[in-house]
Amino acid sequence: MLIAIASGKGGVGKTCLAIGLAQALAEAGRDVLLVDGDLGLANVDVQLGLHPGRDLGDVLSGRCGIGEAAIPHPAGFGVLPGRSGSTMLAALDGSALIGLLRRQGREVVLDLGAGLGAAQRHLAARADLLVVVATEEPTSLTDAYAVLKLHRGDAPAARAGVVVNMVAQRAQALKVHAALDSACRNFLGSGVPLLGAVRRDPKVPAAIRAQIPLLTRHPSSPAAQDLRELAARLAPGQTAFA
Ligand SMILES: Nc1ncnc2c1ncn2[C@@H]1O[C@H](COP(=O)(O)OP(=O)(O)O)[C@@H](O)[C@H]1O
Ligand SMILES: [Mg+2]
């Protein structure tokens, strides 16, 4: 299973979501590799306080394999770090990376970073599920719609869904989803499923400041609960994969 996480707008919580999802899936007994595909502004390692020796850039240039670059995190998942300031993703052969990721045999959570350039679109189109993260901000919604529109064009049969992050309560997620869903129905021919919602929670930035993953630092916080619920819904065999 390869889950890619995208957004359009930056700062909506993709990296937090990718880390939380990887940890929640690991807690549920899955063997997960979290991949920082945001090669321009890589920050999974920063959020987790890791000091990578090797990274995705080394893997892509053939200097080492995924197994040598991946760091085992004490929370039970592997991390393949990205490389900040690299322009490699722009020149990346997406099929080669997808091939490498699939061959290593673990479940993959891929943080695609903001925007949807050619390489990211290529990766998104080949994922088993594209998770588009949105918030209630109008700019986040229009950007999420733009990502979904491109993705529909690239891979009409591929699965994609929306996670609404930083909601005050669940009803807000339904409203945000309804707006996106109706835009997709009206202009793209069919709607988009709501995969889940994560509440706005001060424990999320607190965990980042401590550089400890949320589910370790604040395991019963509202956002941690929402991330576990989301992971349970995204696991193969569940409704999001039906
Ligand atoms: N559920 C949440 N509640 C509160 N703050 C959040 C939540 N999710 C993310 N954030 C905050 O939003 C900021 C951006 O998160 P990040 O994951 O880096 O976004 P992105 O990867 O989309 O750029 C971080 O400072 C983080 O603390
Ligand atoms: Mg990020």
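In this predicted model, E136 sits in the loop that joins β6 (129-134) to α8 (138-154). With 17 other C-beta atoms within 10 Å, E136 counts as partly exposed, because a residue is called buried only at 20 or more such neighbours and exposed at 12 or fewer. Leaving aside residues up to four places away in sequence, E136 touches V167, Q172 and V176. G49, by contrast, is 87 residues from E136 in sequence, and the two C-alpha atoms lie 29 Å apart in space.

From this loop the reader may turn to the ligand. Ligand 1 is surrounded by 18 residues, of which G13, K14, T15, C16 and P205 are the closest. Two or more residues of this shell come from each of α1 (14-27), β7 (160-167) and α10 (203-210). Sorted by class, the shell around ligand 1 comprises 9 nonpolar, 6 polar and 3 charged residues.

Of these elements, α10 can be followed further, starting from its buried residues, which are V204, A207 and I208. Viewed down the axis of α10, the buried residues fall within an arc of 100 degrees, and they therefore line one face of the helix. These buried residues pack against α1 and α2 (44-48), as well as against α11 (214-217) and α12 (222-234). On the face of α10 turned away from the buried side lie the exposed residues P205 and R209; P205 is also listed among the closest residues to ligand 1. After α10 comes Q211, which has a positive phi, near 55 degrees.

How values were computed. Residues are numbered from 1 along each chain as its sequence is written. Chains are lettered from A and ligands numbered from 1 in the order in which they are written. This is a predicted model: local features need pLDDT of at least 70, side-chain atom pairs count only at pLDDT 80 or more; totals for chains, interfaces and linings use all residues. A residue is near a molecule or strand if its C-beta atom, placed from the backbone, lies within 6 Å of it. Helices (H or I, at least four residues) and strands (E, at least two) are DSSP runs, numbered from the N terminus. Ala, Val, Leu, Ile, Met, Phe, Trp, Tyr, Cys and Pro count as nonpolar, Asp, Glu, Lys and Arg as charged, and the others, Gly among them, as polar. The arc is that of the directions from the helix axis to the C-beta atoms. Two residues are in contact if their C-beta atoms, placed from the backbone, lie within 7 Å.
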